[in-house]
Amino acid sequence: MIPLYFKIYQQIKDDIRDHTYPAGSFLPSENELVTQFQTSRDTIRKALAKLDEEGLIQKQRGKGSQVISHQLRHFPISGLTSFHELEELQHFHVVTEVPVFEHLTVTKKTQKTTLFPVGTPLYHIVRVRIIDGIYSVIDEDYIRADIVPGLTKDIAKHSIYAYIENTLHLSVAYAEKTITAELVTAMDRKLLVGLPEDENRLIQVESQGHLTDTTYFQRTIARHRPDQFQFNEFARRQTT
């Protein structure tokens with residue numbers, strides 16, 4: 001005989017798969033599930049524990065059980081695609097938070113991080129990408145203020161590239177990129193709400209963006225949750 005908790009687990013699992021409970025949403029509370037299935041709290045907790053064990057949900061303190069996405073986002077390595085463009089291409093929903101938007105001038109201390117000459121005026125912007133309800137990416141940008149004047153926090157919340165290309169009429173041409181796996185920091189955990197406690201690394205993509213005249217105007221350090229992305233590249237063998 002199949003235990004009741006397993007039947008409940010299977011029912012909720014089916015509801016997750018058919019998007020009754022989409023990724024990023026929260027399951028009904030334990031009390032609501034007790035009423036829905038006419039059973040005890042202990043039985044509900046056993047069902048939720050099995051869902052949690054399989055990685056289908058994640059407990060959020062004070063909020064309940066959140067459904068975890070298992071569809072990895074395709075992140076193009078070779079292209080220069082903004083998150084706004086990815087949102088349209090891949091049909092996911094992105095909310096951008098901007099915890100840091102400030103002006104600074106490059107010093108000897110910050111030159112190594114920004115890769116700009118000492119004295120260069122910059123915007124320093126940190127954006128957190130929430131994709132389908134899951135805190136997934138931290139984007140940290142250093143952008144030349146003399147090349148991209150008039151940048152605001154509201155523009156950063158939407159699309160910097162759209163502003164650069166459509167308002168300033170500048171052409172972004174290419175970027176040099178480096179990909180590494182980096183240890184999670186205390187700041188990462190603060191910004192990526194809900195990052196699993198056993199996740200100790202993020203995928204970091206560092207890039208230096210250039211305009212068509214080769215002007216270096218943007219330094220980006222993007223840190224991605226590895227359980228949310230797969231990185232794609234198209235390679236062609238060169239023959240002699």
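Reader: Ground rule first: how many bridges does DSSP need before two strands pair?
Author: At least two between them. This is a predicted model, so read every value below as computed.

Reader: Fine. What stands opposite Tyr-123 in β6?
Author: Ile-143. Further along, Val-126 stands opposite Glu-140 of β6.

Reader: How many bridges join β5 and β6?
Author: Ten. Strand β5 covers residues 121-131 and strand β6 covers 134-144, and their pairing is antiparallel.

Reader: Which residue in that hairpin takes a positive phi?
Author: Asp-132, with phi near 50 degrees. Two residues sit between the strands of this hairpin.

Reader: And the pairing of β4 with β5, in what sense does that run?
Author: Antiparallel, again over ten bridges. For one bridge, take Val-94: its partner in β5 is Ile-131.

Reader: Is β5 largely enclosed or open, and why?
Author: Largely enclosed by the rest of the structure, because ten of its eleven residues are buried.

Reader: Zoom out. What is the strand order in the open sheet?
Author: β4-β5-β6-β9-β8-β7, six strands with antiparallel pairing. At the edges are β4 (94-105) and β7 (172-183), each pairing on one side only. From one strand to the next, the twist averages 15 degrees.

Reader: Remind me, through what do strands of a sheet pair?
Author: Through backbone hydrogen bonds, in either a parallel or an antiparallel way.

Reader: Now single residues. Where is Asp-141, and is it buried or exposed?
Author: Asp-141 is in strand β6. It is buried, because its relative accessible area is 1% and the cut-off for buried is under 20%.

Reader: Which side chain does the Asp-141 side chain make a polar contact with?
Author: That of Gln-218, at 3.0 Å.

Reader: What else is Asp-141 in contact with, leaving aside neighbours within four places in sequence?
Author: Tyr-123, His-124, Ile-125 and Arg-127 are among its contacts. So are Gln-218, Arg-219 and Thr-220.

Reader: How far is the C-alpha of Asp-141 from that of Ser-207?
Author: 9.6 Å. The two residues are 66 apart along the chain.

Reader: Next, Gln-204. Which strand is it in?
Author: β8, residues 201-211. Gln-204 counts as buried because its relative accessibility is 8%.

Reader: What does its side chain make a polar contact with?
Author: The side chain of Arg-223, at 2.4 Å.

Reader: Which residues is Gln-204 in contact with, beyond four places in sequence?
Author: One group is Thr-178, Ile-179, Thr-180 and Glu-182. The others are Ile-221, Ala-222 and Arg-223.

Reader: Switch to helices. What length does α3 reach?
Author: Helix α3 (residues 41-53) has 13 residues and reaches 18 Å from its first C-alpha to its last. That is close to the 18 Å expected at 1.5 Å a residue.

Reader: Which residues of α3 are buried?
Author: Thr-43, Ile-44, Ala-47, Leu-48 and Leu-51. They are on the same side of α3, because they cover an arc of only 135 degrees around the axis.

Reader: Why do residues three or four places apart point the same way in an α-helix?
Author: Because an α-helix has 3.6 residues a turn.

Reader: What do the buried residues of α3 pack against?
Author: Helices α1 (4-17) and α2 (30-37), plus strands β1 (57-60) and β2 (64-67).

Reader: Last one: what phi does Gly-55 take?
Author: A positive one, about 75 degrees. Gly-55 comes just after α3.

Key: Residues numbered from 1 in each chain as written. Predicted model: local features only at pLDDT ≥ 70, side-chain atom pairs only at ≥ 80, totals over all residues. Heavy atoms only, no water. Helix = DSSP H or I, 4+ residues; strand = E, 2+ residues; numbered from the N terminus. Buried < 20%, exposed > 50% of the residue type's maximum accessible area, 1.4 Å probe, protein only. Polar contact = N/O pair within 3.5 Å; in protein donor to acceptor, adjacent residues only side chain to side chain. Contact = heavy atoms within 4.5 Å. Axes fitted to C-alpha atoms, helices over the stretch in contact; angles between N-to-C directions. Expected span 1.5 Å × (residues − 1). Arc of directions from axis to C-beta.
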